[in-house]
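Q: Could you walk me through how the empty spaces and the bound molecule in a model should be read, beginning with the pockets?

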Amino acid sequence: MATLAIIGGTGLTKLKNLQIDRREVMHTPYGEPSGALTFGTLCDKDVVFLARHGYGHTIPPHMVNYRANLWALKETGIERVIAVCAVGSIRPDIRPADVVIPDQIIDYTWSRNHTFFETDLTSVTHIDFTEPYCSEMRELLLQSARNAGIDALPGGTYGANQGPRLETAAEINRMQRDGCDMVGMTGMPEAALARELGLCYAVCAVSANAAAGRGAGPIEMGDIEQNLKTGMGKVRAILEQAIVATA
Ligand code: HPA
């Protein structure tokens, strides 16, 4: 039985070398996940894959049913999750197509279903979120990157924005003053929901572009695509190493 799941983001809607055993459509008390869970083996290790935006990439970041996704994974017996997220770089040393393993989060999202603890409470539950990512999983990702010969930046603060539009230059300036190193749209509430369910969760972030006002001109979709293609090649190599080392 698989204990490791991969949530693929923009640029990673399937795992290339996954030998697929079956796909399962799950139903949860929170509705439907983004798509069927894909169960398979990679390098002879069991793994479950879920495309966060759906297999046809049709679900925008603010419409993803994060609760159903995490609940469904937990239901299958998953204990650890590697989430792949595209980001824009705010810090100048994070170059497009770089891979970063963030260690902190600032949440700017709003009106998303962000908790499992909202009704029928016998006691109010406040999770500790001082360190939002699982340190064991972060270490594994960094070690996997080293094994794959890939430079992954070992930390940084992920600013989670509502989207789906990209930011203004002033918003990015504010985020930088806040201490954000990268900006994305899917990192929250996913990380907090994983913690609520007791899952060991970390993010493998790929820079798709320099954030608004940080590049030479407007953000071009063609550049994002190209950078994600390069970056996801690195992510696949890291994931394979991580899967071999865990499941
Ligand atoms: N902003 C927010 N989310 C993103 C970006 C960005 O510039 N690039 C990729 N995801």
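Q: Which helices and strands each supply at least two residues of the lining of the largest pocket?

A: A word on the source comes before the answer: this is a predicted model, in which local features need pLDDT of at least 70 and side-chain atom pairs count only at pLDDT 80 or more, whereas totals for chains, interfaces and linings use all residues. Residues are numbered from 1 along each chain as its sequence is written, and side-chain values use heavy atoms, with hydrogens and water left out. The elements are β5 (80-89), β10 (182-184), β11 (200-210) and α5 (221-245), where helices (H or I, at least four residues) and strands (E, at least two) are DSSP runs numbered from the N terminus. The largest share comes from α5, with nine residues.

Q: How is such a space found, and what volume does the largest pocket have?

A: Rolling a probe the size of a water molecule over the atoms shows where empty space is left. On a 1 Å grid over the protein atoms alone, a cavity is a set of points where a 1.4 Å probe fits but cannot get out, while a pocket is an open set with protein on both sides within 12 Å along at least five of seven lines, and lining residues have an atom within 4 Å of a point. Grid points are joined across faces, edges and corners, and a volume is the space filled by probe spheres set on the points. Here the largest pocket has a volume of about 720 Å³, and of its 34 lining residues T10, A86, A208, I224 and L228 are the closest to its centre. By class, that lining holds 16 nonpolar, 12 polar and six charged residues, counting Ala, Val, Leu, Ile, Met, Phe, Trp, Tyr, Cys and Pro as nonpolar, Asp, Glu, Lys and Arg as charged, and the others, Gly among them, as polar.

Q: Which space does the ligand take?

A: A molecule sits in a cavity or pocket if more than half of its atoms lie within 2 Å of its grid points, and the space taken by the ligand is the largest pocket. In the shell around the ligand, β5 and β10 are the elements that give two or more residues, with β5 giving the most, three residues.

Q: Which residues are around the ligand, and where are its polar contacts?

A: A residue is near a molecule if one of its heavy atoms lies within 4 Å of it, and those around the ligand are A86, V87, G88, L166, E167, V183, G184, M185 and N209. They divide into five nonpolar, three polar and one charged. A polar contact with the ligand is a pair of N or O atoms within 3.5 Å. A nitrogen atom of the ligand lies 3.3 Å from a polar backbone atom of G88, a polar side-chain atom of E167 is 2.8 Å from a ligand nitrogen, and an N or O atom in the side chain of N209 is 2.7 Å from a ligand nitrogen. Taken alone the ligand exposes 260 Å², of which the protein buries 92%, the accessible areas coming from the Shrake-Rupley method with a 1.4 Å probe.

Q: What lines the second largest pocket, and how many cavities of 30 Å³ or more are there?

A: The second largest pocket holds about 180 Å³ of space, and its lining consists of Y108, W110, N161, Q162, G163, R165, E167, E171, R174 and M175. The structure has one cavity of 30 Å³ or more; L15, K16, N17, L42, R236, L239 and E240 line the largest cavity, and α5 provides the largest share of that lining, three residues.

Q: Which peptide bond is cis with omega near 0°, and where does its proline lie?

A: The bond from G163 to P164 is cis, with omega near 0°, and P164 is placed in the loop between β9 (157-160) and α3 (169-178). The bond from M188 to P189 is also cis, with omega near 10°, and P189 lies in the loop between β10 and α4 (190-196).

How values were computed:
A polar contact is a pair of N or O atoms within 3.5 Å; within protein, one must be able to donate a hydrogen and the other to accept it, and residues adjacent in sequence count only if both atoms are side-chain atoms.
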